[in-house]
Amino acid sequence: MAGRLKAPKGRYGGRTAEDRQAERRRRFLDAALDLFGGTPGYRGTTVAALSQAAGLSTRQFYEEFRTLEDVLAALHLEVNGWAEQAVLDALATAEGLPLAERAAVLFRAYARDVTCDPRRTRITFVEIVGVSPRLEEQRLARRARWIDLIRAEADAAVARAEAAPRDYRVAATAFVGSVNGLLHDWSAGWVDATLDEVVDELVRLLLGMLRPAGWRPATA
């Protein structure tokens, strides 16, 4: 399929073409969350099966997307966007808190959002991996946003004299990998702990990165 089919224009039943298009797209994404994030998964889903689950036709699918990979790409960005917004909303309430408490707020918000629905967890950590060079680039770019957020938090902690001054690029990258790995394993049932215990461990890891043994804040 070289490109998407053209969607009909104009008003119908009092609704604009843009409204109907947005609704169709939403229905495809909701159905994809069920199928890609559950059974049979992205690799086991066909356009026909997704269209049936959405209650729409394959023609309508091609009016919205070129391929199933386009759907997965959109869904991956959306799931990450939900998690990012949850973190930003939480951080807005954490102004002025000490570093350890602020870190706990950050990771509790992220962990709760990304694990609140096993379908989101699977999209974030499983289905997106290894699909294509294009989606690997998207996955790594989205991961880089989380790395940048951790670096910004680390730099802000340094400015407040709550953390050791250094370049946190590599450390933040390693830490984000630890977050993803631990939350994936916890959600898969491979880690015998509560979510709060997992978050507490992540906070300890972060504090160990920011406050290495022997470091003390400079005194005025």
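User: What does Arg119 form a salt bridge with?
Analyst: Asp34, and the closest N and O atoms are 2.3 Å apart. A salt bridge here is a side-chain nitrogen of Lys or Arg within 4 Å of a carboxyl oxygen of Asp or Glu. This is a predicted model, where local features need pLDDT of at least 70, side-chain atom pairs count only at pLDDT 80 or more, and totals for chains, interfaces and linings use all residues. Residues are numbered from 1 along each chain as its sequence is written, and side-chain values use heavy atoms, with hydrogens and water left out.

User: How does the domain assignment split the protein?
Analyst: Domain 1 is 16–66 and domain 2 is 68–210; such bounds come from an automatic or database domain assignment.

User: How many salt bridges across that interface?
Analyst: The rule finds three between domain 1 and domain 2.

User: And how much area is buried there?
Analyst: About 1600 Å², with carbon and sulfur atoms giving 62%. Buried area is the accessible area (1.4 Å probe) that two parts lose on being put together, summed over both.

User: Which three residues supply most on the domain 1 side?
Analyst: Leu33, Phe36 and Tyr42 supply 39% of the area domain 1 buries against domain 2, more than any other three residues.

User: Switching to α4. What span should the helix have?
Analyst: Helix α4 (residues 68–92) has 25 residues, so at 1.5 Å a residue the expected span is 36 Å, and its end C-alpha atoms are 36 Å apart, which agrees. The expected span is 1.5 Å times one less than the number of residues. Helices are DSSP runs (H or I, at least four residues), numbered from the N terminus.

User: What caps its N-terminal end?
Analyst: Thr67, with a side-chain oxygen 3.3 Å from the backbone nitrogen of Glu69.

Technical notes. Helix = DSSP H or I, 4+ residues; strand = E, 2+ residues; numbered from the N terminus. Polar contact = N/O pair within 3.5 Å; in protein donor to acceptor, adjacent residues only side chain to side chain.
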